[in-house]
Structure formats: structure tokens, C-alpha cells
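Visitor: I'm new to this one. Could you walk me through how to read it?
Guide: Happy to. Let's take a look together.

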Amino acid sequence: MTDPWQDTSLPVDTRVADLVARMTLAEKVAQLSGIWGVDPDVGDMAPMLRDALAAGQRFEDLVRDGLGQLTRPFGTDPVEPAAGLRSLAERQRQVVAANRFGIPAQVHEECLTGLAAWQATVYPNPLCWAATFDPALVERMGARIGTTLRGLGVHQGLAPVLDVVRDLRWGRVEETMGEDPYLVGSIGSAYVRGLESTGVVATLKHFAGYSASRAARNLAPVPLGPRELADVILPPFEMALRAGARSVMNSYTDTDGVPAAADRALLTTLLRETYGFTGTVVADYFSIAFLESLHHVAEDVEQAARLALEAGIDVELPSTNAYGEPLLAAVAAGLVDEKLVDRALVRVLRQKCEVGLLDPGWAPVEPGPDAVDLDPPEARAIALEVARRSVVLLADDGGALPLAAGARLAVVGPRADTPEAMLGCYSFPMHVLVHHPGTEPGLEIRTVREALAETFDVTSALGCPVLGGSDADIAEAVAVATDADVCVVVLGDRAGLFGNGTSGEGCDVADLTLPGRQEELLEALLATGTPVVAVLLVGRPYDLTRQVGRLAALVCGFFPGEEGAQAVADVLAGRVAPTGRLPVSFPGPGSTQPATYLSSALGQRSEVSVVDPTPLFPFGHGLSWAAATWEEASSATGAEWPTDGTCELVVPLVGDAERATTEVVQVYLHDRTSSVVRPVQQLVAAARVDLAAGERVEVRFALHADLTSFTGRDLVRLVEPGVVELRVGASSGDVRSVVDLRLTGSVREVGADRVLEPTVTVVRG
């Protein structure tokens, strides 16, 4: 006879309640943590990694009462895919056999740029996703990634990162989707929808405030006020939760003295009670133990386990440091109420039920007779499409691009002839494979030089590495450039972790000058008189104010993935028009300004300070080969906008150039007077529009008044009557039309059920 918890015809909550009632305390606690089978000699993937992992414990002993999660079975070492499948299947059989209920483990992997595994497709970095301004494309990419994960028996992906950039010097800028909460939320939600459509659990991170650390230092304290938290940091999480994300990962940092891992107000009151979240909260790696060792708010690991469990963390990742023997001891000593264990357990088992791990007859995925291809043509095609749409043309004097057929090119610079130039710090080659020297990358990743050499006569030279270099290297690049028709210099970052790169986790910087001697190289090339096209392959923006006026063109790609070189070459050669737009501003002179475009009037250029924060290239900026004509925007619903109603904004575009073009219509809200200080302008809607030559379209935005809401003086979110402007433009610094509207009616309080996104319709013809 089948027990009720195995009866798939019963409601999930009924099944889970039956199973919980049958379990011992040890069996319950065993479901609340994971195991990471890391080789102790793997290298320094992260500081304190080896110290934080359980040493000398046999797998059989760790799973005798069951197991919550298996940590990164494909993403820890360069495992051949079929061998990885066999190994994971064997691990799962061991887990099932060891516990008396036969419950398998939930398996999670990193998937920020696709599955982080050997031979798996490396998609463009999240800044590229945002640069496309194309949620539908990102959703397709997310679904493709989810299909790969699901096919390997992986149930949960640790992505997307929804941190809104507050200081461009932060090392993890490359993992984000930029500096605007609406853009981060709309693109991040699209990724969530794609991943979750395949049955894979999406994990939102890092909840919340991680990106607002003091001086952009990784894990530094967060001096964040409640209004900035509510109006800038939290909206992307709200949007992604509505998109169906079933897991949330806490931030490492402390905000106003309270670590996120021990913050009940954040993880329970806000996330559960206000937002209505019913999924799992998983700990960022080792963050529960960090309550003792880094934050010093716990005397020992037992107290750290209690604080995290009380706050609302359901699953300890990646190991059993706190939610193992220490938690059992804390319950036995009366320090932790078993009801808190049950609360977390119910959430964990509910999710296991949803992904099929409690169903009778469950079996692990086994390799079939055919080779396991983790980089199939359809995946590479999506990676190429995202890369192409994300390339941003920042500046163009109209003379060098597109490159003329038959042009003799000097392709030089530290990023010109290395595949790693395309890859971010959470891609498998840069995250794991660097600790396995001599291992083949397992992927075809071409370089910019190789991609351009297919079409043009190319000579090349290094010029300088990302860091360091010699006068002789620069002189060689100058000689090559002097003899060329055009010099393409490829500059940028090397992604890495904790100081092993110039961009990435733990690779924060003090200013935004190009790393190493790259600016010196650029100046030497400009002095040759040969037209210089600079290509940036970077994880963050850099200060190029001293050179931009002398460049023939400036192109940017934010670690565009395994097909990135092809995408860059296609744009330079004119085969593909550049259509990306900046998700982050490029800094003006001085290169130490942490501000983003979301600043109040006092954060803008003024006569009372000699420091000018005006960006070189503003948020949303991007050029193309042809532009549409923007006709005057208007409100189809009149000049009054009820505080509980919707206005319809109409933006006509005419593709009157000789070739097809793409525009990204951006709508910014400016509140002329409000009860608290607000940003001068903030993005509330955007639409990427492809126009054929001669085509006329109307872009219609249905904007609910909720989109004007903000957190008032009493920390209650309000829609406030008064005069506002809808600024319609091609970037935050290129406004084409201004529509004046008056919000009418009474002040209205809104909550977590408010409208978060506009409705966009493109009417053609």
C-alpha cells in the first residue's frame, strides 16, 4: 500500500504533512543542508573554502539519515558529461538507499552564464542580457539553459543575480544586469520565466543590498537607508518573484548592522509575509557559519544555526557546517524549537515534491547510448544572437566602421587573441578550469583576431597584457598599427575571483582607469595617425574621456560569451548592425565617481562642487548604422492621470533610413515635486523595436500610476498627485519628447500587489 506522501493524486501539502509526521529529528535536519564533494587540493576557488568544508567525513555517514542537496556535481571539476551523469546517478542511488524513505537529493548548479560545467555552452554575461533590452530573447536563453540542466538531473539553478549596481568599482558589476531597477527586474524576470518553464528552480540572489556595500568593497557593510532599499534594491526581486522564482539566496553583507543571514525582518516579515513567497530560502555558501566567524553576532556555530533558522533560511549550502550536528545539538539543548526545523522542512519537502523527488518510481537520469552534448548548435545559436544584440557602439566618427572590404587590419591589444576575453568570472573556464592547468577548455571559443581574419588581411601584436607588460610589446603593436589601414585594439578585463582577475567576485577596484598599461598602449596607437577602433571586452565601464574624441570608433561587449568574437566581428564588418544599449553609465573624467544615473538633483553637476559626476556615456546609450525618425510622443488618454488609473503613451517611429534599424524606446519618469527627494529621472518602461526600411510604427505604453509610486516619509509606498513628466528618448541623456501629465486624485497607498511593469504594444503600419 502506498503511503499518503507517495500518492501523487493528493495535494502537495497533504503529502508533505504526512511525511513530516513520520520523520525523526535527525531525518528532518538531514533535509536542510547539502554536501559538496570538493577535492581539498582543488585550489583557492574562494577564501576559507577548505576550512569551511567538512573534512574526513565519509559520504555514507553524511547521508545515513537523508540529504537535502547535492552541490555542483558537474560544476566543481572538469567532468566529462557522460561520466558526470553516471557519477551523479550513483550518488543519488546511495542517498536513496541510505535513508529509510528513499528520498533523493535536490541537485543544484551555478548557471549565471549557462550551466557552469565542462564542455557546456558559455552564454554572454548578464550585463549583455541587459544590453539587449530584449526580455523575450533572454527568456528563450533561460529556457535553453533550463533544458540543459533538467537533462542532467539538475533541479535548481543559482541565478539570476538581481543586485542593482550602485558603484561601478564593485567587482561583481559583471554579474549584474545594470544600474536601473526596472531594467534589472524586467530582464531578470525573463530569465526566471525561461528557467522555470523547464521545471528548474530559479534562485534569486543576493537578497538584499549586496551591491550597495561601502566603497564598492566585496562583503563590506551596507550603509543603506530603508527608502533606497525599498525603491532601488527590492523591486527587481519583487518582479522576479511574480515571474515564478521558487528560491531566494541571502546576501553575505550586513545592512545597518544586521547580517542578511540573520535578518528575520528581511527573510520572513518582508519576503514571506509581505511578498507572499512560499519557496525555499537557501544560504549563500557558508553564510550561516559566517555569522560566527565574520559578523561576530553568534558565539558559536550552534547559535549561528539558531539565528539563521529563526530568520528564515531553510537550507544551508553548500555543506552541513551549521545545519548538521550543531543544529541537532541546539535542538537537544532547548536552544532551538523543533517547530522551526519543521517550518523549514515543509518548504524543502514541498519543493522536492514539486520537482518529482517524492514520487514513487523516481530514478536518476542515466546517460544514453549517444554522446552527451552540452553545447549543441541550438544553444550556440542563442548565445550568438544574445551576443550580437548586446554589442554597444559607443562612439563613431563615421569614417572607419563598418570596416571596408579588403582593409588591412592591425588587430592588437591584450584581449585581441585570447578566448578568455569573452568569459566572465562565473563561466566554468574562468571559475573552475583555471585550477586545472593543462585541461582542454572543451569548447570552441574563438578570438577577435581569428574572427576578423576570416574576412580581412590581419596582422597582430599583443601590445601589453591586461596587467604589466613592456615597452617592447607596445613598440611592436605601434609598428604593426603604422603599416595598417585601420588598427583594431581590443582592451579590457581578465575575469577572475578574489584578486585573480581585474573583474569578478572579490576583484573590486579603487578607480575606473583601464587596468595595467592599457591606456598607455591606446595613447601610443593613437599617435601613429592610423585610425583606431577600440573594442572593450570588460566587466565594468572604464574612463576613456582622454581618448574618446580621437578614436575612429569605440565598441563595447560585456564578456559576450563563447560566440562573442563572432558577434564583435559581425558588427565591425557591418554584417550586423550594433543595437545594444548601455545598462550601466560610462564614467566621466576622474574615474572615481561611484554614482549611477539614479541620482537626485544634489547628485548632479552643480556650482557648489568642483567634482562633476556627469557620465561620458549615459545609461541607455548606444549608436547604430542608421536611426529612425522619432515623432512627437503624446498621451492618448489626455493630460490627466488618475492616481489609481492608467495613461497610454504613444511614441511614433519612422524607419526612413535606407536600411533596417533598431531603436530602444526608453521612458523616464520625472517627478517635479514630491514629499521626499527622488531621482531626477528613472526608467519606467522600455521597448526594443526593429523597423524595416520605410516602416512606420507606434509604440504604445500602458502605464499604471503605480509605476510612479515611491516610499514616503513614513516608509509607506505612495502614489502622490502632482505634475510629472514622461521623458521619452534614446537614452537617459538623449530625450526626444517630454509629455507633461498631472496625477489627479488623492494620495494612495500601494503595497506589494501594485503594478510593477507597463504593457507594451507595437502597432505596425
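## Reading the model step by step

Guide: Let's start with the cysteines: the structure holds zero disulfides. Bear in mind throughout that this is a predicted model.

Visitor: Why does Cys 556 not form a bond with the closest cysteine sulfur?

Guide: A disulfide is a covalent bond between the sulfur atoms of two cysteines. For Cys 556, the closest cysteine sulfur belongs to Cys 128 and sits 8.1 Å away, so that is too far for a bond.

Visitor: Is Cys 556 buried or exposed?

Guide: Cys 556 is buried, with a relative accessible area of 1%. Cys 353 counts as buried too, at 6% relative accessibility.

Visitor: Now the sheets. What order do the strands take in the open sheet of five strands?

Guide: Strands of a sheet pair through backbone hydrogen bonds, either parallel or antiparallel. Here the order reads S18-S26-S25-S20-S21, and the pairing is mixed. At the edges you'll find strand S18 (640-642) and strand S21 (682-691), each pairing on one side only. Going from one strand to the next, the twist averages 30°.

Visitor: How many bridges join strand S20 to S21?

Guide: Nine, and the two strands run antiparallel; S20 covers residues 661-671. To trace one of the pairings, pick Thr 661: its bridge partner in S21 is Leu 691.

Visitor: Which peptide bonds are cis, for instance at Pro 318 and Pro 402?

Guide: Look at the omega angle. Leu 317 and Pro 318 are joined by a cis peptide bond with omega about 0°. That proline is in the loop between helix H13 (301-311) and helix H14 (325-332). Another cis bond links Leu 401 and Pro 402, with omega about -10°. Pro 402 is in the loop between strand S10 (392-396) and strand S11 (408-412).

Visitor: And phi? What value does Ala 216 have?

Guide: Its phi is near 65°, a positive value in a residue other than glycine. Ala 216 lies in the loop between strand S5 (201-207) and helix H9 (226-233), and at 1% relative accessibility it counts as buried. Phe 286, not a glycine either, has a positive phi of about 70°. Find Phe 286 in the loop between strand S9 (280-282) and helix H12 (287-293); with 6% relative accessibility, Phe 286 counts as buried.

Visitor: One last stop: where is Ser 600?

Guide: In the loop between helix H21 (564-573) and strand S16 (629-630). Leaving aside neighbours within four places in sequence, Ser 600 is in contact with Val 677, Arg 678, Pro 679 and Val 680.

Methods
Residues numbered from 1 in each chain as written. Predicted model: local features only at pLDDT ≥ 70, side-chain atom pairs only at ≥ 80, totals over all residues. Heavy atoms only, no water. Disulfide = S-S within 2.5 Å. Buried < 20%, exposed > 50% of the residue type's maximum accessible area, 1.4 Å probe, protein only. Pairing = 2+ DSSP bridges. Helix = DSSP H or I, 4+ residues; strand = E, 2+ residues; numbered from the N terminus. Axes fitted to C-alpha atoms, helices over the stretch in contact; angles between N-to-C directions. Contact = heavy atoms within 4.5 Å.
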